[in-house]
Every structure is written in C-alpha cells, then in structure tokens.
Amino acid sequence: MESIYGEHLPDLEKAMQFLVDEINIVRERMKQDDGMDPVEHLIFRIKTEESMREKCKRKGLPETEESALQIIHDAVGVRVVCAFIKDVYAIRDHLVNLEHCRVVEEKDYIKHAKPNGYRSYHLILKIGGMVYAEIQLRTISQDTWAALEHHIHYKKIKTENDDLIIAELKRCADELASTDLSMQTIKDMMMSNLKKAEKMN
C-alpha cells in the first residue's frame, strides 16, 4: 500500500527535528540564565500510517496525502512538559517567533481551561510553508492530570456516579492549577533572592 504521506515522510522528519532543535536551543538558553532546565520531558513523533488512516476515517475524510498533510494538522506532534507555568510561555514565545514558521492556530487552555479542567497550551505551526505540526506545552501537574484523566476516560463505563466523577476530576484539576501558581511564586521569590545575593557579592 502506498504511504498516506506520499514522498513527504522526509519532510515531516525534517520539520520535527527542526522543532526539537529549536526547543533545545531555548531550553539551553533558559538553563544558562537561571541554572535550571525548564523542560522535564520532551516527546515527539510522526503519526503512524495506521493512526493517520484511522483519523481520516473518523473525520469522514478520504485516506489521501492531501487529507494527511493539509487537512489534518498533527502528522507531526511535539509535547513539551515544563516545570513551571512561565517556562511554558517562554518556549511558546520562542516558537511563534521562528523565521520559518507561521502560527495557524493557538489555544490557551491554561488561562481558559476546558470545562472538564483540562489545561495545556496548544499550538499549530506551519513549517517551511508546507508541514503542519501540533505542539502541546504544559506543566508537570497538567501532564499528570491529563494522563490520569485519559486512563479514567478510557476505562469509563456509564454509571450513576458520572456527575460526581466529572466534578471530582474538575476539582483535582483546579487544585493542581492552584499548586502550579504557588510553585511559580516560590520560584520567583527564590530567583529574586538569588539575584539580590549575587549583586551584594
């Protein structure tokens, strides 16, 4: 069977590597600035042929190169899990200002969480005028909640407790969001004290 990506798999790989390299550049710069690696996990992939074909079917699209590369925008996927909220936005700022990238879509689910409590920053970039990539940026807390919610949702059977489960998941998400803000405040205070101490020396 002919690849759903046609002859463009090398283009997808090149675009993915470009994004990974750029994330590592800003990551290293931030590490030099405050002595801490802002990225806990960096995950990237090209959607498998099988997954892409399944997504085309799910969306009622023909299983063609055009569907896979032009209509669906996550053939390339990158997830960046950061320690702190400000790190998420710093990496976002770097990516949206890259010379060979155009922002196609941005969704800030950190400032505007989904009704179920889901928080993350979603970014779709078009790289080199050809390849689309979806980037998800989130904190450790947000990533942990999303992973657990996925497991619960996947195993979920309709019960009379559905409303309670939904409410509890939302409560957990809100508590983690509050913790993220507190941890950011603590880090900012520590960095401020460190800079003051450096100036005195």
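These exercises work through parts of a predicted model.

**Exercise 1. The sheet**

Give the strand order of the open sheet, and find which strands stand at the edges.

*Solution.*
Step 1. The sheet has 5 strands, in the order β1-β2-β5-β4-β3. The pairing is mixed.
Step 2. Look at the ends of that order. β1 and β3 (101–108) stand at the edges. Each has a single partner strand, so one side of each lacks a neighbour in the sheet.
Step 3. Add the twist. From one strand to the next, it averages 15°.

**Exercise 2. One strand pair and two helices**

Describe how β1 joins β2, then name the helices α1 and α4 that pack on the sheet and give their angles.

*Solution.*
Step 1. β1 and β2 (residues 76–82) run antiparallel, joined by 7 bridges.
Step 2. Pick out one position: Ile-43 stands opposite Arg-79 in β2.
Step 3. Helix α1 (residues 9–34) packs on the sheet and touches β1, β2, β3, β4 and β5. Its direction makes about 170° with that of β1.
Step 4. Helix α4 (residues 85–96) also packs on the sheet, touching β1, β2, β3, β4 and β5. The direction of α4 makes about 160° with that of β5.

**Exercise 3. Two residues**

Classify Lys-47 and Ile-186 as buried, partly exposed or exposed.

*Solution.*
Step 1. Locate Lys-47: the loop between β1 (39–46) and α2 (49–58).
Step 2. Its relative accessibility is 14%. Buried means under 20%, so Lys-47 counts as buried.
Step 3. Check its contacts. Lys-47 touches several residues, among them Tyr-5 and Asp-74.
Step 4. Locate Ile-186: helix α6 (residues 162–200).
Step 5. Ile-186 has 42% relative accessibility, so it counts as partly exposed.
Step 6. Together with Met-183 and Met-190, Ile-186 makes a nonpolar surface patch of about 300 Å².

Notes:
Residues numbered from 1 in each chain as written. Predicted model: local features only at pLDDT ≥ 70, side-chain atom pairs only at ≥ 80, totals over all residues. Heavy atoms only, no water. Patch = residues over 30% accessible without salt bridge, like charges linked within 9 Å, V, L, I, M, F, W, Y side chains within 5 Å. Areas by Shrake-Rupley, 256 points an atom, 1.4 Å probe, with all protein chains shown as cover. Salt bridge = Lys/Arg side-chain N within 4 Å of Asp/Glu carboxyl O. Helix = DSSP H or I, 4+ residues; strand = E, 2+ residues; numbered from the N terminus. Buried < 20%, exposed > 50% of the residue type's maximum accessible area, 1.4 Å probe, protein only. Contact = heavy atoms within 4.5 Å. Pairing = 2+ DSSP bridges. Axes fitted to C-alpha atoms, helices over the stretch in contact; angles between N-to-C directions. Lists of a residue's contacts leave out its neighbours within four places in sequence.
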